[in-house]
Amino acid sequence: MAYNLKQEMNKPERFHSGHRLCAGCGAGIVCRAMMRAVEPEDQAVICNATGCLEVSSFQYPYTAWEDSYIHTAFENASATASGVEAAYNVLKRKGKIEADRNIKILAIGGDGGTYDIGFQSLSGALERGHDFTYFCYDNNAYMNTGTQRSSATPRFASATTTPSGVESVGKKQNQKDLTQIVVMHGAPYVAQTTLFGNMKDFHEKAHKAIYTEGPTFVNCLTPCPRGWGYPAEDLLAICKAAIDTCVWPIYEVVNGEYRLTYEPKKKLPVEEFMKKQTRFKHCFAKGNEWTIEAAQEYVDKKWEELLAKCK
Amino acid sequence: MSIRERLSGNEAIATAMRQINPDVFAMFPITPSTEIPQYYAQYVADGRVDTEFITVESEHSSLSACLGAEAAGVRAVTATSSAGLSFMNEVLYVAASSRLPIVLAVACRALTGPININHDYSDSMAERDSGFIQIYGENNQEVYDNYLQAHRIAEHPDVRLPLMICEDGFITSHAIENIELEDDEAVKKFVGEYHPENYLLKKENPLAVGPYGVSNYYMEARVAQAQAMKNAKKVILDVAADFEKTFGRKYGFFEEYKMEDAELAMVIMGSSAGTAKAAVDKLRAEGVKAGLIKIRVFRPFPGEELAKALKGVKAVAVMDKSEGFSACGGPLFAETAGACINMPDRPLMVDIVFGLGGRDFTVEAALSVYDRLKNIAATGEPGELYTHMGQRER
């Protein structure tokens with residue numbers, strides 16, 4: 001059935017308002033969309049890494065989650081999900097869960113809990129082949145502790161541990177390409193997306209990921225107003241700029257086959273993405289023009305590599 | 001009918017696990033506990049159990065997977081030692097505060113540095129405040145029997161706490177001894193099925209586990225957890241009583257060995273107690289009123305009962321097989337001394353740290369401790385409060 005935003009929005013909400021995420025944060029949108037991708041007749045167990053989302057969505061005695069939810073620690077969402085999946089398998093096998101009940105196991109974490117501290121646990125769970133879907137809401141830094149750099153922080157972004165200054169133009173290293181690393185694990189479905197348009201891209205990828213057997217992965221660029229420095233209402237404009245500049249390419253990999261799912265009509269220069277955010281402000285200062293050139297060069301190189309894979 | 005066998009402590013634990021047939025076993029190897037999941041992997045391979053056996057990539061993940069499984073509504077177990085237990089540290093606290101009755105077998109081994117694979121309690125003692133129940137065995141039989149009682153204690157509605165079954169690395173884990181095993185069906189009947197009240201996979205009632213607890217709620221959660229640990233005392237004794245009725249072997253919080261009229265006593269744990277008992281027997285034959293208390297349950301700590309058992313004793317040596325670096329004694333000493341604090345005419349007490357990293361503990365060494373106690377009792381002077389024993393002088 002073709003995607004219809006209106007119909008999707010009429011589904012009963014499975015991630016409720018009243019959570020404590022910031023205005024203009026993308027994580028809440030990711031959660032709502034992720035839960036809309038679970039068929040209404042199916043149940044889910046969400047395994048959440050420590051982070052903004054966890055402290056904002058499950059503050060005792062309230063929870064924003066309609067489905068079962070477990071938070072254990074920062075670095076072990078995938079291992080926790082492995083255990084939930086094992087329990088589900090054994091209960092199904094022993095006939096203790098009705099044969100017609102379908103429970104989807106989802107893990108979700110920020111880039112800190114996914115690219116960095118939770119990387120080992122994620123890699124282990126991918127390699128073992130558990131039937132679960134990992135959603136990374138990549139907001140490009142450790143936001144819960146106040147915008148410290150992560151391996152997902154792009155080069156030149158000012159973070160609280162890589163601040164810009166007279167001797168510094170922000171983070172020195174490029175972003176770790178986690179999506180590619182997950183592809184290399186041989187996961188049957190891997191996708192990169194963000195929040196744009198009518199959320200069709202996110203929805204279709206989330207649905208495919210959740211309903212593909214085996215370990216699947218969706219990496220969603222998820223802007224953070226406090227860490228990136230933008231007014232709350234610009235959230236979607238920033239996502240759009242990220243995909244139109246190809247800073248964050250939109251694609252999926254099905255059993256190793258690459259497919260571009262969004263190609264900008266006109267590829268915009270990177271400053272269209274960077275100028276909207278205070279974390280790149282210093283790049284526009286006199287004498288730092290080279291940073292924008294270097295950023296452009298890197299984006300172009302990565303984009304060409306991806307296009308070659310998608311052919 | 002029990003079955004006479006010859007098994008190592010590790011195989012005894014693996015056998016108990018096989019008989020119980022837990023739903024999930026998440027494993028990562030570390031010496032000297034590795035054999036437990038290895039034996040178990042063979043049971044899985046041979047179709048003797050129907051456990052989901054997850055071969056994870058670290059101890060942090062093995063306990064995390066157990067946490068996920070137990071929260072999802074099934075019995076989950078694992079095993080570890082030393083650095084593996086330390087690596088689990090964060091998750092141990094999460095398991096306990098989430099009130100998930102995971103059973104963790106620990107083949108106790110020294111912590112690094114320098115790296116050492118032999119026995120002491122530096123690993124399990126470092127986790128004494130994690131919220132896990134800790135039960136220690138002197139030999140293979142006790143370790144097996146303790147394991148058979150573990151799930152019933154941990155899963156009891158008044159408790160709902162994770163539990164460590166501790167054996168002495170290599171000394172118990174690898175030494176093959178005679179053992180009486182119980183019949184598979186009898187074990188299954190004794191342990192029973194697991195019926196959690198609420199769990200993630202329950203159809204009617206979704207569950208949320210692991211909240212952010214602000215200051216308004218955190219303390220209540222911790223007090224409830226502390227109460228559960230207090231409640232565990234009664235449950236441990238109840239389960240032990242049923243165990244004795246069913247299988248005939250008696251257990252309590254600790255074993256009192258020749259304590260009826262003892263004037264000199266050791267408080268000790270694990271396999272070292274076997275060595276010390278030989279010293280007590282020798283002294284008793286010479287007319288010396290020596291006795292020994294072997295702690296079985298370290299968490300919850302049976303302080304009141306221990307103080308009662310030490311009543312009338314003149315001098316006590318607390319034998320710590322781990323170094324706490326507190327500069328005033330090891331963890332068993334702190335607990336024992338604390339337990340006796342309000343006791344009228346409490347015994348004089350010293351702490352002796354011994355056997356670190358597998359350093360041998362002999363009958364002669366135990367006799368020298370009683371010699372020291374004799375002197376303390378005679379002079380009324382405890383001397384140096386906190387000493388080490390068995391190390392080279394230079």
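Begin at the place where two chains join: select strand E2 (residues 68-71) of chain A together with strand E9 (208-209) of chain B. Two bridges link these strands, which run parallel. Within this pairing, display Tyr69(A), which stands opposite Ala208(B) in E9(B). Please bear in mind throughout that the model is predicted.

**The side of chain B that touches chain A**

Next, widen the selection from the paired strands to the whole contact between the chains. Here 38 residues of chain B are in contact with 39 residues of chain A. To find the chain B side, select strand E2 (24-27), strand E3 (52-55), helix H3 (59-72), helix H4 (82-97) and strand E9 (208-209) of chain B, each of which gives two or more residues to it. Which element gives the most to this side? H3(B) does, with 10 residues. Now colour the chain B side by residue class: 24 of its residues are nonpolar, eight are polar and six are charged.

**Chain B as a whole**

Hide chain A and show chain B in cartoon form. Its secondary structure consists of 12 helices and 16 strands. The radius of gyration of chain B is 21 Å, close to the 21 Å given by the globule rule for 394 residues, so chain B is as compact as a globular protein of that length. Turn the C-alpha trace to view its principal axes, along which chain B spans about 70 × 55 × 45 Å. Of the 394 residues, 55% count as buried. Contacts in chain B also reach across the sequence: among those between residues at least 6 apart, 81% join residues at least 24 apart.

**The two domains of chain B**

Now give separate colours to residues 3-247, assigned as domain 1 of chain B, and residues 255-389, assigned as domain 2. The centres of these two domains, taken over C-alpha atoms, are separated by 28 Å. Their contact takes 24 residues from domain 1 of chain B and 21 residues from domain 2 of chain B.

Finally, examine the side of domain 1 of chain B that touches domain 2 of chain B. Select helix H5 (122-126), strand E6 (133-136) and helix H8 (215-247) of chain B, the elements that give two or more residues to this side. The largest share, five residues, comes from H8(B). How do the residues of this side divide by class, and how many fall in each? There are 11 nonpolar, seven polar and six charged residues on the side of domain 1 of chain B that touches domain 2 of chain B.

Notes
Residues are numbered from 1 along each chain as its sequence is written. Chains are lettered from A and ligands numbered from 1 in the order in which they are written. This is a predicted model: local features need pLDDT of at least 70, side-chain atom pairs count only at pLDDT 80 or more; totals for chains, interfaces and linings use all residues. Domain bounds come from an automatic or database domain assignment. Two residues are in contact if their C-beta atoms, placed from the backbone, lie within 7 Å. Helices (H or I, at least four residues) and strands (E, at least two) are DSSP runs, numbered from the N terminus. Ala, Val, Leu, Ile, Met, Phe, Trp, Tyr, Cys and Pro count as nonpolar, Asp, Glu, Lys and Arg as charged, and the others, Gly among them, as polar. Two strands pair if DSSP finds at least two bridges between them. The radius of gyration is taken over C-alpha atoms; the globule rule is 2.2 Å times the number of residues to the power 0.38. A residue is buried if 20 or more other C-beta atoms lie within 10 Å of its own, exposed if 12 or fewer, and partly exposed in between; C-beta atoms are placed from the backbone.
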